[in-house]
Each structure stands twice: as C-alpha cells, then as structure tokens.
Amino acid sequence: MVGARDVLTQWPAGGGAAGALIRAHDWASTPLGPSGAWPATLRGAIDVMLGSAFPAFVWWGEALVQVYNDAAADTIDPARHAATFAAPARDAWSNVWDSIRPVAEQIRATGKAVLGEDLPITPYRDGGPAPAWFTFSYSPLHGDDGAVAGLFITAIETTARVLAEGRLREGAARQTFLLRLSDAIRDLSDPTEIATKAGELLGTKLDVGRCGYGEVDEAGAFFTVHMDWTDGRMPSMAGRLRLNDFGPEMISDFRAGRTVRLDDPLEDPRTRESAEAFAAIGRMRGGVAVPLIREGRFVAALYAHQTEPRHWTDDEVALIQDVAERTWEAVERGRAESSLRDSEARYRSLFESIDEGFCVIEFMEDEAGALVDFVYIEANPALAVRSGVTGVLNRRVTEVLASEAEDWIAILGQVLRSGESIRFERPLATTGRLLELFAFRVEPASNRQVGVLFQDVTQQRQGQEHMRLMVNELNHRVKNNLAMIQAIAAQSFRNADSLADAQERFTARIMAMAQANDLLTGERWAGASLRNAVDQVVRSHCPDAGRCAVSGPEARLSPKTALALSLALHELATNALKYGAWSTGAGRVAVSWSVYPARGGERLKFEWREEGGPVVVMPSRRGFGSRLIERGLAAEMRGDVTLAFAAEGLVCTLDAPLDDPASFEPGDVQATS
C-alpha cells in the first residue's frame, strides 16, 4: 500500500523533463514553499501546463515565481535553465521586464486576461538565438481567497505568419518603390540623369551614404561613374577606377555575374587585402554591388555604399538587383532615344536645308487594293520653292494637283509596287515648271510610302534650248556673213577703177556689216530697234547734224532684217556722201518711216530722200550698191523697193511686212552678187 507522502512525491505525474524538474526541485527554499502545501489552483494550473503542446508558463506568488513546460524549455538556452526555472519572472525576463511588468500589474488589478499578439522574442534554437514572434495569452490564477495569485501564460508561435506577412508587405513596398522609380525616370532621356535619379531614390530608401551606376570599358579594365548620389557626407565615387584595385576575388564575382555583398570589406576575406582601394573611395565599410552581364561580358554595375559595417538582408539585396536591372534598361533606352534624337536632328537639318525639293508621300488604296491617291506626309521648305506649289503637307495629291494627279499616282505608284528607284523629267503643268525627279520606295513596303527628291530644271533646259538655237544661229550667221563678204568682195573689186578704190569700198562695206553685227550683239541677237539701226548708219556718215533728219515710230526688226537694212542704209549713205546730197555744202537727207496695219499683220513704209545736192543723172549701169538695195533688201524683207533718180535728189522707198523678232528663225541671208 502506498502512503500519502509517496503520492505527493510523485506529483506532478509525467510532464517530461519539466515535470521531473518540478518534482526534484527544493521548493521549500523558494517563496512558494513545499509543493505539497501548494493550493489546488496552482497545482491544477501546473498539470494543465505540463499537458500542453504549446509553450506554457505559470507565474505564482508575490514574486511571480516561474515554472514552464518542455515546449517552453525548448526555446530557452540550456545554459540559462538554472537561472530561469523557479526564478522570479523579473529575473528570468530581465531583458524585457519593462514591457511585461505592466501586463502583470494590469491582470492583478483587474483580474482579466490579456492577449499579446505577434510579440518579438529571441528564443534559443539550433544552437543559438534566432528571432521569432509569438502570441501570448496572459490569464489570471486566483488563490483560495479569490484574489489574483498568479498568471497562466501560453504562447503560440506566429513566426511563419509574421514573416510571410512581412514578405508580403516588403514585396508590396518594393513594388511601390519600383513603380515610383519607373515614374521618376520614365521621362528622362539623358543616361547620366537616369542613373543619378535611380541612385538617389534607392540610396534614400536604404538609408545609405552613396548609391550610383557605372559602366565597364570594352577591355574590362576600368569602371567609370559619371555621377552618383550621396547623402552629403560620403564623398562621390565619380571618376575612372581600376577594377583590379578591388581584389581578384571580387572582380571574379563581378565577371561571373554574382552580386557582391560586403558587410564589412575590411573583414571580408575577399577584400581584406584591398583596404587602400576602399579607403580611396570614401571609407566604404559596407556595400552591395550588382554586376550586369550582357552577351557574356561584364558591362555595368549598380552599387550602394555606407561608411559603417552593415548586415544586408536578402530583401535589400533583391531590391538593389531589381533597381540595377531597371536602371540598365532605362539607361540603354535613354541612350537609344538620345541617339535617335541626334539622328533625327541631323536628318531634319539636312531635310530643311537641302536645296532640292523633297517629300515623302503615302499611298491610299481602295477596297480592291488599287492605288487611288496619296498624301504628302513630309515636305521640306525647298519643295514650294522648286515646284511653285505651296501648302502640300497632309494634303492629297488629288487636291494639290487635281488636273494631273492621275499621272503622278501612276508614275510613283509603279515605284511603290516594283520597289525600283527611277530618275525622270516631267513638266508640272500646274505651275509650268520642268522638274527632274528621283523617286524611291521607303521601306518597309507595307507602309506604302515613296520618297521624291527633285529640282527645278526649267531655266536650265531653257538655257540649253537657247544655246542650241544660238549655235544653230551662229552657224547660219557665219555662213551668211561669209557669203555676204564674198559678194561684197566680188562687187567691190569687179568694176573698180583702181585697186585702192576697190580696197576702200570693200573696207567700208565690211565696216558697215560689222557695225550692224555690233548692234545685234548688243541686244543678244534678239532683234534690233529700227531707230537704232538708222541712227548708227546715218549719224556716222552725216557731215553735219543739221543736214540729216530722222523721224518715225519705234519698231522692232528681226536680226536678219536689221542686218539687211543696215547694209542698204550704208550704201545709200556712202553714195550721198560721195555723189549725192552730202557731197555739197547744203544738201540734206531725210529718213522717215511709218507702220500701218494690213492684211496678215503690220507693214513698214520706209523712205530715204535726198535734196539740195548735185543734179541727179540716171546711171548708165547698176552697181553693187544699187543691186544690194533693189534686190537684196527686197528679198530679205519680202517687200517692194524702188530707187527713183529724180533730178533734185535720190529717193529710195521700201514697203514690206514688219517681222516679229520673237518669231525669227535662223536662215540664210540672201547675198546679191
């Protein structure tokens, strides 16, 4: 039979190691006294505690002496069991007693339970302390007098949930930050501005001293930072740094694409020997650097540094890696946009400044796929200057060149369909310009665009045509002049009284012919003024200005007519000077003409009249001068010429059509032999 003492010494039954501790402990030496004298409430609470699978504690008495179960013991450093088991709660939990004491006092005062959720503590696990979170339930234990004599505490670990929620919050915060980063750099295009802004936002969030982005040269020897962000205390790392100065192991990690995490570079075996290099970049004592590998090459890195050692969390490193990737993409996008802007600026400058007209057109199709129209989507300023057509941009050709749009659609549409460039000339009927054009398809063909470069060659072609006419005219004129000279020479020497007389006549006639050519040359062989032709001959032969009278309206002669009339006038003036009115001291010559309308156009009536000279006698034979006037002039002007040898003075009359100088075509001048 078992005695009462034996039953007591076996309490509490079971309870594992904690139960054994309770049974073996000398409670008489504690404020609680022998366990056999404990009140039923305390003993019942300990039984419940030992039976619980959750960490549980019982605090009892004025000193709140603590006992706990095996689940709670598993969270306590074994070396501290002696100091925490059967010890007052204030001693067992001295590190957090300031937080716990108000809870205990509240429960004693109110007699109501208190719940403490997700409280952080540092239990002993896997051979060392580890952060964890627990939800504690503090329940009052009443003594025999009904007052609160102790606390029953159970703990449910919530570490997994707290960490999961923390990861969710961190993930949400990271995404919020990354969105803010994207918004901040979206409208930036300068690579340096992008990198600096990214460094500023990341550095501020991580509360570091310096954050920046740099690029590695093609040879992989230098790391260049154009600008970085600092907190104002840590110096900038901007400049050109030699990578090998930071130790071979760290550079090897970079080139392998591994993120380098340095809690303290002066203690890290990879960088311990490179203390001078780290001192040179602003006393860096903690940092993370994320290398960026593209096409197998280490090309850039994003870094975060501070002047004190730091334990970098996985979440912080993950954030730096995200920012590094986004910064790379934004910098490359900015660089591409900058290059594109430069290219567009060069294109626009060329587009705006070239002397040739240029446009890009985009074709429109009907439902059957036929080309029915095109729109001018680009047009430079020279287009209007060279074509004479203005306001074409964003308009259809059927609006701009309505009467000839169909032809242009057909020609340029063939370029679009075939993809073959063409060079051609075509008149622009709308403005009367002649254009030389080069048309080519703008790729891709699916855009249905054609580029057209052109210049106005109207004046050039007119000049070429004028040159052709001038060459032809010169050929004719040289031939005619030679024929005329041959005839003049033959007549001058045929019946001359002497060689000297023949030479004089020949020279005078050649000079008259030269003067007529000078008159025409002065007006670019576009015809001559009748008055100028008369003045040139008459004034040069008349011995006194008062002995010649010239009258008549202004009229234009064709080159051929002007030449023939000048030679005829020379013969008349020479004859008057030698034998006629000007051979005496009182003779006069009157030259007059009029223009009158007739069937087929205007006609010229011209008269040379002499008076006051010697009595005129009909010559026994017709000389060269007479034949030149009567035959040559009549033939050249297609009119009637008469020579009247009146006794009082010679009279020469001409009635002929008045040629339009603009309608003159080069032809042979008749030479009378």
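Two strands count as paired here if DSSP finds at least two bridges between them. The model on display is predicted.

**First sheet**

Begin by selecting strand S6 (residues 132-142) together with strand S7 (residues 148-157): nine bridges join these strands, which run antiparallel. Within this pair, select threonine 135; its bridge partner in S7 is isoleucine 156.

Next, extend the selection to the whole open sheet, whose five strands follow the order S2-S1-S7-S6-S3 with antiparallel pairing. Strand S2 (65-68) and strand S3 (114-121) are the edge strands; each has a single partner strand, so one side of each is left without a neighbour in the sheet. On average, and with direction ignored, neighbouring strands of this sheet are turned by 25° against each other.

Now add helix H3 (residues 40-51), which packs on this sheet and touches strand S1 (56-60), S2, S6 and S7. The direction of H3 makes about 165° with that of S1.

**Second sheet**

Move to the open sheet of five strands ordered S16-S15-S19-S18-S17, again a sheet with antiparallel pairing. Its edges are strand S16 (371-379) and strand S17 (422-428); because each has a single partner strand, one side of each lacks a neighbour in the sheet. Neighbouring strands are turned by 35° against each other on average, direction ignored.

Inside this sheet, select strand S15 (residues 357-365) and strand S19 (residues 449-456), an antiparallel pair with six bridges. Glycine 357 has phenylalanine 454 as its bridge partner in S19.

Finally, display helix H15 (residues 405-418), which lies across S15, S16, S17, strand S18 (433-442) and S19. H15 runs at about 170° to S17.

Key: Residues numbered from 1 in each chain as written. Predicted model: local features only at pLDDT ≥ 70, side-chain atom pairs only at ≥ 80, totals over all residues. Heavy atoms only, no water. Helix = DSSP H or I, 4+ residues; strand = E, 2+ residues; numbered from the N terminus. Axes fitted to C-alpha atoms, helices over the stretch in contact; angles between N-to-C directions. Contact = heavy atoms within 4.5 Å.
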